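Please set the sequence beside the three-dimensional view before reading on. The report below moves from single positions to the ligand site and then to the nonpolar core.

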Amino acid sequence: MFQDQLVSYSGVQPSGNLTIGNYLGAIRNFSTYSEKYKCFYCVVDEHAITVRQNPAELRRRTYETLALYMACGLDPDKNTLYVQSHVHEHAELAWILNCYTMFGELSRMTQFKDKSSKHSDNINAGLFTYPTLMAADILLYQTDVVPVGIDQKQHVELCRDIAERFNQLYPCTFTVPEPIIAKSGMKIMSLADPTKKMSKSDENVNAVVYILDDRDTIIRKFKRAVTDSETCVRFAEGKDGINNLISIYSCFTGKSFDEIEKEFAGKGYGDFKLAVGEVCADALSPVQEKFRELLSDKAALEAQMRKGAEEASYYARRTLGKVQKKLGFVKL
Ligand code: TYM
């Protein structure tokens with residue numbers, strides 16, 4: 001909380017083309033906080049370099065992610081939208097928090113285990129301490145709520161532990177944040193292997209629906225989605241592919257699982273897959289249109305980045321100053 005205002009904070013890595021998992025699990029929900037909360041939504045480029053990035057692509061995706069935030073309905077006058085590397089306090093607080101985070105805690109992070117097995121030639125220290133940078137992001141803004149998909153819950157819980165540990169040593173430094181995980185859309189699965197999370201780094205492009213995929217591509221990907229040998233559209237254990245499609249359809253239409261089962265009673269998987277593709281394409285079409293318009297004006301995006309960084313820095317500076325004072329750093 002900052003000056004009696006509740007704070008919502010979240011971030012997205014510009015490390016690949018964003019997926020409907022990012023959209024349904026996170027970005028789409030960010031704007032629900034704009035009225036009651038002071039909101040900060042960050043393009044976390046410093047997190048992205050824990051895995052090797054092509055510099056030109058990272059730069060392009062940083063602009064694109066900011067434009068997508070706005071295209072998904074985040075009004076820059078009601079939300080502070082900014083790029084992480086423009087606010088140096090993130091890296092500074094992350095160093096401090098590294099000294100209050102245990103090796104054992106970081107070793108238990110499932111994302112570290114996954115990513116270090118995927119990138120076994122580059123298990124760098126940043127990949128390991130990634131969650132302390134994420135804790136710094138969140139704690140700099142005295143955050144109350146962190147809307148994320150379920151895969152980030154463990155990181156937010158570690159952030160809470162770090163904040164509580166720090167507050168015990170230096171009382172009243174940080175607000176202890178709560179993860180907010182949307183009931184529907186918290187874990188959208190791969191269309192090719194529905195036991196795996198849909199991920200922007202998946203090499204199989206048919207496994208993933210990107211926010212910017214065109215209508216035909218979206219429909220084709222859903223048509224190819226892996227299901228099972230039954231024909232009945234129902235949510236049940238062991239039907240991972242169909243369960244995933246029902247969840248996606250529910251996210252886009254607002255219909256309950258029961259309603260969806262009734263709607264498709266007597267119809268086959270082909271009809272259902274087509275319907276999922278169509279509602280997805282319909283929902284993304286205005287986002288894509290707005291995105292293209294925003295991306296065509298780079299100067300306006302840069303002005304937005306500058307404004308966001310100035311706003312964010314004001315808050316970040318205050319928290320970092322407070323932390324440094326409590327630690328005993330000399331202020332000149
Ligand atoms: P990232 O960039 O991997 O994902 C951004 C957001 O999208 C959610 N998400 C999903 N939700 C549902 N189904 C999926 N298949 C799916 N894939 C991704 C993620 O849960 C996330 O909310 N470490 C974070 C970025 C970050 C951050 C932060 C988040 C850095 N600092 C501070 C919150 C607060 C990450 O890698 O997200």
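A residue is called buried here when its relative accessible area is under 20%, and exposed when that area is over 50%, with partly exposed lying in between. The model is a predicted one. By that cut-off Val 209 is buried, because its relative accessible area is 0%. Val 209 lies in the loop between strand S5 (178–180) and H9, and its C-alpha atom is separated by 5.7 Å from that of Thr 19, although the two positions lie 190 residues apart along the chain.

Thr 19 also takes part in a contact at the start of H1, where one of its side-chain oxygens reaches to within 2.9 Å of the backbone nitrogen of Gly 21. Helix H1 is mostly covered, with ten of its eleven residues buried; among them are Ile 20, Gly 21, Asn 22 and Tyr 23.

**The ligand site**

The ligand is surrounded by 27 residues, of which the closest are Gln 13, Tyr 130, Asp 137, Asp 151 and Ile 188. This shell divides into twelve nonpolar, ten polar and five charged residues. Strand S1 (7–12), helix H1 (20–30) and helix H7 (125–140) each supply at least two residues of the shell. Three polar contacts of the ligand are set out below.

| Ligand atom | Protein partner | Distance |
|---|---|---|
| nitrogen | polar backbone atom of Gly 21 | 3.2 Å |
| nitrogen | side-chain N or O atom of Asp 137 | 2.7 Å |
| oxygen | side-chain N or O atom of Lys 200 | 2.9 Å |

Taken alone, the ligand exposes 710 Å², and the protein buries 97% of that area.

Helix H7 also holds Thr 132, which counts as buried because its relative accessibility is 1%. The side chain of Thr 132 reaches the backbone oxygen of Thr 129 at a distance of 2.6 Å.

**The nonpolar core**

In soluble globular proteins, nonpolar side chains tend to be buried together. In this model the largest nonpolar core has 59 residues, and those that touch the most other members are Ile 20, Tyr 69, Phe 222, Ile 248 and Phe 272. The elements that each supply at least two residues of this core include H1, strand S2 (38–43), helix H3 (55–71), helix H10 (240–253) and helix H12 (269–295). Its largest share, eleven residues, comes from H12. The core draws at least three residues from each of domain 1 (7–181 + 298–327) and domain 2 (205–292).

**Loops with positive phi, and a position in H13**

Most residues other than glycine have a negative phi. Against that background, which residue other than glycine has a phi near 50°? That residue is Gln 142, found in the loop between H7 and strand S4 (145–147), and it counts as buried because its relative accessibility is 5%. Cys 172, likewise not a glycine, has a positive phi of about 60° and is found in the loop between helix H8 (153–169) and S5. Is Cys 172 buried or exposed? Cys 172 counts as exposed, because its relative accessibility is 66%.

Glu 311, whose place is in helix H13, counts as partly exposed because its relative accessibility is 25%. Measuring from C-alpha to C-alpha, Glu 311 and Leu 169 are 29 Å apart in space and 142 residues apart in sequence.

Terms used:
Residues numbered from 1 in each chain as written. Predicted model: local features only at pLDDT ≥ 70, side-chain atom pairs only at ≥ 80, totals over all residues. Heavy atoms only, no water. Near = heavy atom within 4 Å. Polar contact = N/O pair within 3.5 Å; in protein donor to acceptor, adjacent residues only side chain to side chain. Areas by Shrake-Rupley, 256 points an atom, 1.4 Å probe, with all protein chains shown as cover. Helix = DSSP H or I, 4+ residues; strand = E, 2+ residues; numbered from the N terminus. Nonpolar A, V, L, I, M, F, W, Y, C, P; charged D, E, K, R; others polar. Core = buried A, V, L, I, M, F, W, Y, C linked by side-chain atoms within 4.5 Å. Buried < 20%, exposed > 50% of the residue type's maximum accessible area, 1.4 Å probe, protein only. Domains from an automatic or database assignment.
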